[in-house]
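I opened this notebook to record what I looked up in one structure. The entries follow the order of my searches.

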Amino acid sequence: MSEFTVRPARTKDVRGIQAILEPFVQRRILLGKDLVVLYEATQQFVVAEDTDGNLVGCGALHVMWEDLGEIRTLIVVDEWLHHGVGRAIVEALEDNARTLGISRLFCLTFEVDFFTRRGFEPIGEQVVDPDVYSQLIRSPDEGVAEFLDLAHVKPNTLGNTRMLKQL
């Protein structure tokens, strides 16, 4: 049970991503995503699969700004927790971020200890300069609103910690 690989997601993985996401949505740990949204974001995802080709985890890198990205939808199925899957997914997403020229990664998480061990730190409210803020606030993306800590997303963020890592 300890062998797995991490690779870029393909469209054939999307229904599997939704299947491993759904229990976390039901437990109110992650926000649900429509199938069309997952297909549109396929290129943002990496997946972890076991030797039989079963998905055991996933995560996405969403570009928010020139130097800023967000780790989203990081999931490891319960049976594979504490086997290095989450760490491997985050490392793959960090590599992707570096390739894109991103120097800061944001996450919104309940798993503060996990992300702290990976170099993330809790952040306050003002982490971008006013000019960047004025551009980001125009984004329709809920994740950007969560990063900016806007009032209309507060119900989505209750209990979560906003964290940032310098790459």
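The entries below concern a buried acidic residue, the aromatic pairs and the charges over rings in this predicted model.

**Entry 1: D50.** I began with D50, which lies in strand 2, residues 45–50. I asked whether D50 is buried or exposed. I found that D50 is buried yet has no salt bridge. The nearest side chain of opposite charge belongs to R7, 9.6 Å away; I do not count this as a salt bridge because the cut-off is 4 Å. I then noted that a polar atom of the D50 side chain lies 2.8 Å from the backbone nitrogen of N54. Leaving aside residues up to four places away in sequence, I listed E3, F4, V56 and W80 as the residues that D50 touches.

**Entry 2: aromatic pairs.** I searched the whole structure and found 3 aromatic pairs. One of them joins F4 and W80 edge-to-face, at 6.0 Å centre to centre with 80° between the planes. I noted that this pair links distant parts of the chain, 76 residues apart: F4 is in strand 1 (residues 4–8), and W80 is in the loop between strand 4 (68–76) and helix 3 (85–100). I recorded F4 as partly exposed, with a relative accessible area of 21%, and W80 as buried, at 7%.

I also recorded F115 and F120 as an edge-to-face pair, 5.1 Å centre to centre and 80° between the planes. Both of these residues are buried. Together with F114, F115 and F120 form one aromatic cluster.

**Entry 3: charges over rings.** I found the charged end of R118 over the ring of F114, 4.1 Å from its centre. I also found R27 over the face of F24, at 4.7 Å from the ring centre.

Methods. Residues numbered from 1 in each chain as written. Predicted model: local features only at pLDDT ≥ 70, side-chain atom pairs only at ≥ 80, totals over all residues. Heavy atoms only, no water. Helix = DSSP H or I, 4+ residues; strand = E, 2+ residues; numbered from the N terminus. Buried < 20%, exposed > 50% of the residue type's maximum accessible area, 1.4 Å probe, protein only. Lys, Arg positive; Asp, Glu negative; His and termini not counted. Polar contact = N/O pair within 3.5 Å; in protein donor to acceptor, adjacent residues only side chain to side chain. Contact = heavy atoms within 4.5 Å. Phe/Tyr/Trp six-rings, centres within 6.5 Å; stacked < 30°, edge-to-face > 60°. Lys NZ or Arg CZ within 6 Å of the ring centre and 35° of its normal.
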